[in-house]
Amino acid sequence: MDLLVLILQGVIVSATSLVFAAIGELVVERAGVLNLGLEGMMVLGAIAGFAVTLDTGSYVVGIAAAAVTGAIAASLFGFLTQILLSNQVATGLALTIFGLGLSALLGQGYSGESTEPLAKIHIFFLSDIPIVGPLMFSHDPLVYLSLALAVGVAWFLAKTRTGLILRAIGENHDAAHAIGYSVVGVRMAALLFGGACAGVGGAYLSTVQTPLWVENITAGRGWIALAIVVFSAWRPGRALLGAYLFGGVTIVQLHVQGFGIDIEAQYLSMLPYLVTILVLVLISHDKARISLNAPACLAKPFFVSS
Amino acid sequence: MIRLEPLKEVSKGLLYVTPAIAVIVTILLGTVMFAVLGKDPVQAISIIFLEPLTNSFAISEMIVKATPLILIGLGLSFGFRAGIWNIGAEGQFTVGALAGGAVALALHEVEGIWVLPLMCLAGILGGMAWAAIPAFLRTRFNTNEILVTLMLTYVAVLLLSVMVHGPLKDPEGLNFPESRLFHESAILPILIEETRVHIGFLVALAAVLVAWVILRHHVFGYQVKVMGQSPRAANYGGFAQQRVVWTCLMISGGLAGLAGLFEAAGPVGQLVPALPVGYGFTAIIVAFLGRLTPVGILLSGFVMALTYIGGEAAQIEMNLPSAVTGVFQGMFLFSLLGIDVLARYRIQVSRPAWAAEK
Amino acid sequence: MKHIIRKLITGTATVALAFSIGIASAAAKTKVGFVYVGPIGDHGWSYAHNEGRLAVEKAFGDKVKTTYVENVSEGPDAERVIQQLAQSGHGIIFTTSFGFMNPTLKVAKRFPKVKFEHATGFKRAENVATYSGRFYEGRHVIGLIAGKMTKTNTIGYIASFPIPEVVRGINAAYLAARSVNPAVKFKIIWVSTWVDPGKEADAAKALIDQGADVLMQHTDSPAAIQTAEKKGVFAFGQASDMVKFGPKAQLTAIVDDWGPYYVSRVKAVMDGTWKSQDTWDGIGPGMVVMAPFSKRIPENVRAMAAKARDAIASGKLHPFTGPINKQDGSPWLKAGETAQDGALAGMNFYVEGVEGSLPK
């Protein structure tokens, strides 16, 4: 039982960067934009978060810098795809390549440095309850922020007027435009939000999970976050679940090895990817349901026709 | 407000001019970047963009590097035209190399002019088989091919690792994870002596020609275009969308697999875990840079190869970090995609006050 | 068959020209090239080699010019990079990863006057030498410390890929740990990567959760040390001194010190005495260095570890001394017999007592 609690704690740590990135991208896709530059924004957030935390000694400033950096990267994507109407798939890939290169360049002076990891909170009494305490009341503040983000986004999309407008734009941008909503404006705002979330997700890796900088520290987690968005059928609660499921598979395969169960390591390392594919198949095979959920205008260019 | 209106007829002239403008913009941005880094911008730009063109070794290496990029980019362009996003060519490349390489190793020391064609066939089939998974999942279960192809890339790279650690390991290699060197009959013939330019380049050129003919004169080229513009119209048009999905993924998978086999049987000469070096991803840029046209891809394959070779030279001669190459490629694609707007849309300025600020 | 179109362009002339220029300038200033598989900021393998390059610069000052190329993949690019260094006048080129073996040999054939040094490989030529460190000697020392320091009798091991180097390290550490603590058990996790800090940290945490209170790693980032620090367990640095990342956690580190070797080989080129050879140096010649032992190690254990280190250095102690059985119980070394270098170089089995099966 103790081990199970420990494993679940590990899952939460491993999944939190994915939660941030996936929730941000979910909002972007709900608005009808596909930003494949998630990995690039995450890795830029990772270096910004680490460098600023190290230089200022403040996590708050560091995380904020990561969010701003992610948003700036997203605004570049937004300018190209929303204003200049470039192809979203190509622009997103370019952003990833650019982000990986630029972060490595910026990070040159920061390899070999280290900061104290962000401390976990400890709430009197609550954190000491067996099982429930360690699972619910003794994480670092960003874990709670990621959960709050998921809840907040769910509420925003379902219950607010702006959320409704955002979804309408993702469903049918021409109609939304005809009613008088600013398609480009809303999409830019969604992109900035998504970029900020991705930046924080990257910074979670470089300031909390492993407070250090090495090139390519995100190691493909941005792509996983993209898969999680599809897995979630564009619903925040399911995105949260998806991130924890992926984190769970990653952690469990490590534990399986620790117990000495005889499966080749490379096959185990394939597991998270194979499970993601399997889940994608399961949720998308019902054609009616997926097309009900998928934003109809996803990745389609919007231009005002006269 | 600035308004963009899509042009009915894409401006042909601009289509060829915009990549050149993008190169110039990238060089300008690069100049700023090098100045910020405290490196001599003129020297850096000339080492990256000009020097490789003046040296026959660098030119031969550009051909070596461009060969897989052209092959893969060409295959991808069909799918991209039709709105089928295979971004996991890297995985198909890897499995192609694995399948073709396994044939070479199984026929070790077997001499014969048929060995190489057999390996090529295995490479193509390997790539196709890997691409068949997303094709099947998309047509049967409606699963997003972007993510499936990408996930399968990670799986393919791990699969190669398992194989060279295990069944395909060199028996005399002291247990290091690589296969034995391919024997003479399983190595691609060299095209230009004293270089690594191999016969695969001729195949890439032939593929460009075939693709050009298909897109221009074959009904499949037409179907692909229609489907890309409007999937629904494609259905009304009386041909099955599913068939286009399958065909596009088989073409891109097969060509990526062949490119993988060419790398294994050409410049590398064996199977190693680090065989996939990102050609599958770079080829996506190549395809866009070449505007999804066969001749354009041929040219853009060389441009991308140039940035790699030049980037290495800049590292050697100016001590620039290797990350510069990625930054450059990113900026290049950004400029191209941004400037593209000139060729595809007409800009209408209706409220100049806002436009003037911009 | 091999040359379908002969001399479509004659690249030969340029290569020869570049080569002759290279010799001319080499007389004035020796150019030394380094090819790294990772970024110099990895704080592991490539970082350590780059420290060696800096030692060369420090030793010879104006008389040398060093060049490095980082992040060179062990695929099709390696040959080109090595050739570019060879034809731009480098007198000696160090290729510092196993996967550069065949590309190094191919280029060496074309540049008979340039000296090549390939790390961790086994193929040599007239102008290609090989070198590597006996890191298993360091693993023996940390094995002794780990065996004494563990309270749970469980040592966690984060491994990258099942190459002989890594397997040798596991065996050496396990044999040493068992010699001082017969109840010790190793838990091994293969992460299938050299650098992915997130995954390394996850693996470290999994091992700690399963009861390991001392961690060893054969991956390159300091993530495992950081995790150990956070969780209050012990760990050992890999390739470089990582004490900065875990001041309390790091007990010692196995430091790769390539500097003295690089300096001596560059000097040999300058003096014209360079010969192809196979160097496999350990603690004795200083290629493998133990970082200072932590004060948290009890004094008697520290003394024991220092004694073992010194005995290895002087050649009195060999970490693989029989009797040793293989994992399946079949005998490998008889009592008093020490392992041959050839057997160590291609090690592909666990010794008796290590659990789990090695990926074959």
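The following exercises, each with a worked solution, concern a predicted model.

**Exercise 1. The interface between chain C and chain A**

Determine how many residues of chain C and of chain A are in contact, how much area the two chains bury, and which elements of chain C contribute.

Solution.
Step 1. The contact involves 35 residues of chain C and 36 residues of chain A.
Step 2. The size of an interface is often given as the accessible area lost when the parts come together. For chain C and chain A the buried area is about 2,900 Å², with 53% of it on carbon and sulfur atoms. On the side of chain C, the residues that lose the most area to chain A are C:Asp202, C:Gln210 and C:Gln226, together 19% of what that side buries.
Step 3. Between chain C and chain A there are 11 residue pairs in polar contact, both residues being at pLDDT 80 or more. The elements of chain C that give two or more residues to this side are β7 (185–190), α7 (197–209) and α8 (223–231). Of the elements, α7(C) gives the most, with 9 residues.
Step 4. Sorted by class, the side of chain C that touches chain A has 15 nonpolar, 9 polar and 11 charged residues.
Step 5. The salt bridges between chain C and chain A number 2. A:Arg221 and C:Asp196 form a salt bridge, with their closest N and O atoms 3.4 Å apart.

**Exercise 2. The surroundings of strand β3 in chain C**

Establish which strands pair with β3(C), and whether its residues are buried or exposed.

Solution.
Step 1. Strand β1 (residues 30–35) of chain C is joined to β3(C) by 4 bridges, and the two run parallel. Within this pairing, C:Gly33 has C:Ile93 as its bridge partner in β3(C).
Step 2. Strand β4 (residues 115–119) of chain C also pairs with β3(C) in the parallel sense, over 4 bridges. Here C:Thr95 stands opposite C:His118 in β4(C).
Step 3. Strand β3 (residues 92–95) of chain C is covered on both faces. C:Ile92 and C:Phe94 on one side, and C:Ile93 and C:Thr95 on the other, are all buried.

**Exercise 3. Salt bridges across the sequence**

For three salt bridges, locate the partners and classify them as buried, partly exposed or exposed.

Solution.
Step 1. B:Glu61 and B:Arg196 form a salt bridge with their closest N and O atoms 2.9 Å apart. B:Glu61 belongs to helix α3 (residues 56–81) of chain B and B:Arg196 to the loop between α6 (145–165) and α7 (200–217), so the pair ties together parts that are 135 residues apart in sequence. Both B:Glu61 and B:Arg196 are buried. These two residues also belong to a network of salt bridges that includes B:Lys65, B:Glu312, C:Asp77 and C:Arg80.
Step 2. C:Glu117 and C:Arg265 meet through their side chains in a salt bridge of 2.5 Å, N to O. This pair links distant parts of the chain, 148 residues apart, with C:Glu117 in strand β4 and C:Arg265 in helix α9 (residues 259–271) of chain C. C:Glu117 and C:Arg265 are both buried.
Step 3. A salt bridge of 2.8 Å, N to O, joins the side chains of C:Asp341 and C:Arg134. Because C:Asp341 lies in helix α11 (residues 341–345) of chain C and C:Arg134 in the loop between β5 and α5 (135–149), the pair ties together parts that are 207 residues apart in sequence.
Step 4. C:Asp341 counts as partly exposed because its relative accessibility is 35%, whereas C:Arg134, with a relative accessible area of 13%, is buried.

Conventions. Residues numbered from 1 in each chain as written. Chains lettered and ligands numbered in written order. Predicted model: local features only at pLDDT ≥ 70, side-chain atom pairs only at ≥ 80, totals over all residues. Heavy atoms only, no water. Contact = heavy atoms within 4.5 Å. Buried area = accessible area lost by both parts, 1.4 Å probe. Salt bridge = Lys/Arg side-chain N within 4 Å of Asp/Glu carboxyl O. Polar contact = N/O pair within 3.5 Å; in protein donor to acceptor, adjacent residues only side chain to side chain. Nonpolar A, V, L, I, M, F, W, Y, C, P; charged D, E, K, R; others polar. Buried < 20%, exposed > 50% of the residue type's maximum accessible area, 1.4 Å probe, protein only. Pairing = 2+ DSSP bridges.
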